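Trainee: Got a minute? I have a new structure open and could use a walk through it.
Mentor: Sure, let's put it on the screen.

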Amino acid sequence: MTRTTIPAVRAESLVRPEIAALAGYVPGEQPQGGKWIKLNTNENPYPPSPAVARAIAATAAGRTLARYPDPLATVFRMRAAEILGVDPDWIICGNGSDDLLTILVRTFVGAGGCLRMPYPSYILYRTLAGIQGAVCDEFHFNPDWSLGDGFGAARTAAGADVRLAIIANPNSPSGTLLPPARVAALAESLPCALVVDEAYGDFADASCIGLVRQNERVIVTRSFSKSYALAGLRFGFAVAQPSVIEQLQKVKDSYNCDALSIAAATAAIDDQAWLADNRAKIVATRRRLGASLTALGYDAIDSQANFVWCTHPERPHRPVYEALKKQGILIRYMQYAGWGDGLRISVGTDDEIDAFLAVIKTI
Ligand SMILES: Cc1ncc(COP(=O)(O)O)c(C=O)c1O
């Protein structure tokens, strides 16, 4: 049989020009074998609540998996609503909070639009704007990680209308928190919706969920990957006023959360005692990690998340990351164009942090 030769076409010429031009978001290293001490992607070092495994087993045992899941994850929304003190129609669920961020950017920002974010922060926001063919207005944090009033301006310096703003709060990589009163003031001055990404919110002293009631333009996202130790499961939710949720539901995939993750996340949020205990352990280890880095001459920022960001006044950062990697310890080396670089260390178990400190002391 003869084969017709199809002329080679470069995929770049077939896809939308915005996609061809995109660098693509590169997540932190996820080695799939070997014995690593993994302190690079802010996962929880402890296993999730035992209630999670029971819920997954019960769901897998019956006929539930033969059916499509509940498109609205009603059972989760009802339980989460009770805990948060809102009604279930104030909540939308997602396949991790990244899914919710995608839904939000697709809902609010079209081609030629503008997404504003602080810089440096979670780089995915820029990628999501790029996919839409929108521009990303990166507004630099002040040296003390506060955010100037210019963040609330309606237009960019080039005259583009801002259609959505996103703040990670606590921020990554700094771990710093803008107080809710400051976020409320920024939301008042912005002409558009403001997403407060609280992926690390359970480790912080304050949350902006209360602002959602006061201002229809505030939307808060939450992740189960960090505080509930479920990064491998993929679950998150957003809190917004029902009129906003209604719009977001039009954009999400019909079945964006599967039956196992809905059951598991419901069991996880139901176990608030586990959450409080885990949070206490992470916060205690975070304090010890920050103090130890300071004692070693690093500028370690007081963190409100489950990681610590540090820089060294003299020592180059990349070789520190590389030396740790050679010893089987993965941390995150971050370099931000036009800003600088540094090291982000996730809070591990006490043993993992001891192993990390023993090595970094020798570098
Ligand atoms: C600021 C921020 N938002 C969102 C996410 C994504 O979380 P999820 O695993 O729920 O998609 C991350 C993950 O590292 C993050 O750092």
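**Two domains and what joins them**

Mentor: The C-alpha centres of domain 1 and domain 2 lie 22 Å apart. Keep in mind that this is a predicted model.

Trainee: Where does the domain assignment put domain 1 and domain 2?
Mentor: Domain 1 covers 11-38 + 273-360. Domain 2 covers 50-271.

Trainee: How many residues does the contact take from each domain?
Mentor: It takes 25 residues from domain 1 and 24 residues from domain 2.

Trainee: Which elements supply the side of domain 1 that touches domain 2?
Mentor: At least two residues each come from α2 (17-20), α11 (272-295), β10 (307-311), β12 (332-336) and β13 (340-346). The largest share, seven residues, is from α11.

Trainee: And how do the residues on that side divide: nonpolar, polar, charged?
Mentor: On the side of domain 1 that touches domain 2, 16 are nonpolar, six polar and three charged.

Trainee: Switching to the inside. How many residues has the largest nonpolar core?
Mentor: That core has 97 residues. Leu-115 and Leu-164 have the most contacts inside it. Helix α10 (residues 259-270) gives the largest share, eight residues. Both domains take part: the core draws at least three residues from each of domain 1 and domain 2.

Trainee: What is Leu-115 in contact with, leaving aside neighbours within four places in sequence?
Mentor: Leu-164 is one of its contacts. The others are Val-105, Val-109, Tyr-125, Ala-129, Ala-134, Cys-136, Arg-163 and Ile-166.

Trainee: Back to α10. Is that helix mostly covered or mostly open?
Mentor: Mostly covered: ten of the twelve residues in α10 are buried. Among them are Ala-259, Ser-261, Ile-262, Thr-266 and Ile-269.

Trainee: What covers the buried residues of α10?
Mentor: The cover includes α3 (50-61) and α4 (74-84).

Trainee: How far does α10 reach from its first C-alpha to its last?
Mentor: α10 reaches 17 Å, close to the 16 Å expected at 1.5 Å a residue.

Trainee: New topic, the ligand. Which residues come nearest?
Mentor: There are 13 residues around the ligand. Gly-96, Ser-97, Asp-98, Ser-223 and Ser-225 come nearest.

Trainee: What classes make up the shell around the ligand?
Mentor: Seven residues of that shell are polar, four are nonpolar and two are charged.

Notes. Residues numbered from 1 in each chain as written. Predicted model: local features only at pLDDT ≥ 70, side-chain atom pairs only at ≥ 80, totals over all residues. Near = placed C-beta within 6 Å. Nonpolar A, V, L, I, M, F, W, Y, C, P; charged D, E, K, R; others polar. Core = buried A, V, L, I, M, F, W, Y, C linked by C-beta atoms within 7 Å. Buried ≥ 20, exposed ≤ 12 C-beta atoms within 10 Å, placed from the backbone. Helix = DSSP H or I, 4+ residues; strand = E, 2+ residues; numbered from the N terminus. Domains from an automatic or database assignment. Contact = placed C-beta atoms within 7 Å. Expected span 1.5 Å × (residues − 1).
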